[in-house]
Each structure stands twice: as structure tokens, then as C-alpha cells.
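Subject: Structure for you to look at

Hello,

Here is the structure I said I would pass on. My notes on what was found in it follow below.

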Amino acid sequence: MLLDRIDPNLLSFVAAISIAVARTMYRGALVRLGAGMVALLSSVTTLAFAWSFYLFFSERVAHWPLMGVAWFAVIGLMGGLGSRYTTFFSMKKVGLARTSVLMQTSLLWSSFLAILFLGERPSLAVGAGSVAIMFGSILLVQRSESDRKEVSTFYYLLPLAAAMFQGTSQIFRKFGFFWIHSAPLGMSLSNTVATLSLVAVMCFVTEEGGLRFWERRPLLLILVGGVFNVIAALLFWTAVQHGVIVEVVPINRLSVLLIIFFSWFFFRQQEGVTWRVVAGGLLSVAGSWAIVWGR
């Protein structure tokens with residue numbers, strides 16, 4: 001596949017741009033729909049494009065080892081029920097910019113697990129970069145009194161939980177690729193499990209902003225977001241397959257800068273982007289780059 005010949009760090013960078021656009025589209029849909037419905041519709045869109053790409057534009061995999069399928073199924077559960085739904089719920093309650101910055105902590109989880117299970121060894125700069133990310137997140141939690149009244153501290157735990165699911169799933173991808181050497185197939189399998197799990201959950205969940213088919217705008221936003229999300233996922237999955245976790249993940253975190261700008265530009269009425277958000281984002285990205293260049 002052509003993507004296999006492109007530098008993994010470059011793939012991760014382009015994926016960061018794509019995920020920033022995708023999340024901005026999803027945030028627009030969350031104004032009208034509930035987090036669960038947006039998660040489900042975006043998952044269905046991603047699933048359709050993922051299988052289409054695998055079946056028509058990538059090399060087929062003749063043998064599917066059960067262990068590889070199992071790893072990708074676990075990723076689907078963590079991505080569908082864990083990271084995807086929690087991220088959208090956090091975006092609705094906390095805001096797009098704050099959620100994205102706090103999810104920078106996924107780098108800590110992925111780096112720690114890569115060191116523990118994959119034998120990757122960080123340098124002093126990696127440790128310093130991790131600390132910078134943590135301080136960037138603290139800036140968001142320390143809010144003014146007016147902010148405290150609007151957003152409960154509990155909701156700030158949601159993006160941290162999503163980051164944990166996301167960081168852990170990135171390591172599981174490496175385990176899955178050991179058995180099945182195909183990013184498109186792995187992405188398709190995991191999204192199948194993610195979509196089925198979301199369908200099962202939504203059968204028992206009632207939330208505000210039910211599906212309104214006569215409102216085309218949120219559905220269009222989810223469709224466009226789904227396209228960019230598939231592009232981001234395909235590029236990032238390939239980067240993880242061929243690259244080093246402690247490199248490709250920090251580069252992918254650069255998406256937070258674009259997300260902060262989009263959040264301020266498009267949603268300034270729904271969520272305030274203060275100096276703390278900007279400072280937290282810049283500090284987190286600086287930490288990410290320290291990890292890359294100091295490895």
C-alpha cells in the first residue's frame with residue numbers, strides 16, 4: 001500500500017490536521033444532537049468508509065488469526081464505548097478546546113505502556129515533555145469562580161478517562177499488528193465492534209437531542225466529520241504500525257492547536273477560549289515536541 005512507504009511521522013502530522021477538522025464538525029453537530037447519537041452516527045460513517053477502503057483500495061489479507069481479531073475487537077470496545085462516547089460527551093459539557101487539551105494526557109499513557117510492554121526507552125527530554133503536558137492540563141482545571149459555576153469539576157474527569165482509553169488502545173494496536181499486518185483491516189474490524197457496541201448501548205439510553213432527520217445540518221456535519229475522521233484514522237493507524245509510539249503520538253497531538261483556533265472561531269458563543277486554554281494548549285504541544293526531538 002502506498003501509505004506504507006510514507007514516513008510515519010508525516011502520516012501522523014497529516015492525521016492531526018484531519019482529526020482537528022473532524023472534531024470541529026462533530027462539535028457543531030453536538031449543538032443539536034446528544035453525545036451518544038453523534039458517537040453512533042460518526043461510528044457508522046467511519047465504519048462504511050473503512051470497509052470500503054479495505055475492500056476496494058487496499059491489499060486483502062488472506063488469513064485472519066483469531067488473536068489478531070481479538071485485539072482489534074478490544075480496541076473497538078475501548079474506542080466505541082470508551083474513548084469515542086466519552087470524548088463527545090466531554091465536548092458537549094466541557095467544550096471542544098478544553099477536551100482536546102486535556103486529552104493530551106493520552107500521550108502519558110501511551111508512552112508509559114510503550115516503555116513497559118514494547119521496550120521503548122525515553123530520554124530526559126521525554127520526561128520533561130510529559131511534565132509540560134501535565135502542567136498544560138492543570139491550567140485548564142484551575143478555573144475562575146465564574147467557570148466553576150458553569151462546569152462541574154466532575155466533567156473534567158471525562159476527557160482524562162477518554163485519554164486513558166485512547167492511550168491504551170494505541171499500544172493494543174501494536175499487539176494487533178503483530179498478528180494482522182494491515183492497518184485498513186484492523187481499523188475496519190475495530191470500528192465494526194465499536195459500532196455494534198454503541199448500537200447496543202443506545203438501545204437503553206435516552207438523552208437530550210434525539211435524532212432529528214428533518215435537520216440536515218447536524219447530519220451533514222457528522223458525514224463530513226466522518227470522512228475526515230476516516231482519513232485521520234487510516235493515516236494514524238498506518239503511522240502506529242510502522243513508526244515508534246513515542247514519536248507518532250506526540251506529533252498527532254499537534255491537532256490541539258488547530259482545535260483551539262477552530263473552537264474560538266466557530267464556537268465562541270458556546271464555549272469561552274480563555275488565556276488558560278491557549279496557554280495550556282501551547283504548553284502541551286511544547287511538551288509533545290520535546291518528546292519527539294529529545295528521544
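**Notes on the structure**

Ser83 is placed in helix α3, which covers residues 66-93. The model is a predicted one, so please read all of what follows with that in mind.

**Overall make-up**

The chain has 13 helices and 0 strands. Read along the sequence, the pattern is therefore α at every step, α-α-α-α-α-α-α-α-α-α-α-α-α. Of the 295 residues in the chain, 54% are buried. The chain exposes about 13300 Å², and carbon and sulfur atoms supply 70% of that area. Contacts reach far along the sequence: among those between residues at least 6 apart, 91% join residues at least 24 apart.

**Helix α3 and what it meets**

Several of the residues in these notes sit in helix α3, so I take them together, beginning with Ser83. Is Ser83 buried or exposed? Its relative accessible area is 10%, and the cut-off for buried is under 20%, so Ser83 counts as buried. Leaving aside neighbours within four places in sequence, Ser83 is in contact with Met78, Met103, Ala162, Phe165 and Gln166.

Ala73 is also found in helix α3. With a relative accessible area of 22%, Ala73 is partly exposed. Ala73 and Val193 are 120 residues apart along the chain, yet their C-alpha atoms are separated by 5.8 Å.

Phe72 has a longer list of partners to give. Not counting residues up to four places away in sequence, Phe72 touches Arg173, Gly176, Phe177, Ile180, Gly186, Leu189, Ser190 and Trp237.

**Nonpolar cores**

In soluble globular proteins, nonpolar side chains tend to be buried together. In this model the largest nonpolar core has 53 residues. Which residues have the most contacts inside this core? They are Tyr26, Val38, Phe72, Phe88, Met187 and Trp237. Helix α10, residues 216-242, gives the most to this core, with 11 residues. There is also a second, separate core of 8 residues, and Ile251, Leu254, Val256 and Val277 are among them.

**Aromatic pairs**

A pair of aromatic rings is described by the distance of the centres and the angle of the planes. A search of the whole structure finds 12 aromatic pairs. Two of them are set out here.

How are the rings of Tyr26 and Phe88 arranged, and why is the pair called edge-to-face? Their centres are 5.0 Å apart and their planes stand at 80 degrees. Planes over 60 degrees apart count as edge-to-face, so this pair is edge-to-face. The pair links distant parts of the chain: Tyr26 lies in helix α1 (residues 8-30) and Phe88 in helix α3, 62 residues apart. Both rings belong to buried residues, with relative accessibility of 2% for Tyr26 and 4% for Phe88.

The second pair is made by Trp71 and Phe172, and it is tilted, with 5.1 Å from centre to centre and 50 degrees between the planes. This pair, too, links distant parts of the chain, since Trp71 is in helix α3 and Phe172 is in helix α8 (residues 157-179), 101 residues apart. Trp71 is partly exposed at 24% relative accessibility, whereas Phe172 is buried at 18%. Together with Phe175, Trp71 and Phe172 form one aromatic cluster.

**At the surface**

Leu77, Leu81, Val201, Phe204 and Val205 form a nonpolar patch on the surface. The accessible area of these residues together is about 450 Å². One of them, Val201, lies in helix α9 (residues 183-202). Val201 is partly exposed, at a relative accessible area of 31%.

**Two further distances**

Thr153 is in the loop between α7 (145-150) and α8. Thr153 is partly exposed, with a relative accessible area of 46%. From C-alpha to C-alpha, Thr153 and Val94 are 9.6 Å apart in space and 59 residues apart in sequence.

Ile115 is in helix α5 (residues 106-117) and is partly exposed, with a relative accessible area of 27%. The C-alpha atoms of Ile115 and Ile245 are separated by 9.5 Å, and the two residues are 130 apart along the chain.

Regards

Terms used. Residues numbered from 1 in each chain as written. Heavy atoms only, no water. Patch = residues over 30% accessible without salt bridge, like charges linked within 9 Å, V, L, I, M, F, W, Y side chains within 5 Å. Areas by Shrake-Rupley, 256 points an atom, 1.4 Å probe, with all protein chains shown as cover. Salt bridge = Lys/Arg side-chain N within 4 Å of Asp/Glu carboxyl O. Helix = DSSP H or I, 4+ residues; strand = E, 2+ residues; numbered from the N terminus. Buried < 20%, exposed > 50% of the residue type's maximum accessible area, 1.4 Å probe, protein only. Contact = heavy atoms within 4.5 Å. Core = buried A, V, L, I, M, F, W, Y, C linked by side-chain atoms within 4.5 Å. Phe/Tyr/Trp six-rings, centres within 6.5 Å; stacked < 30°, edge-to-face > 60°.
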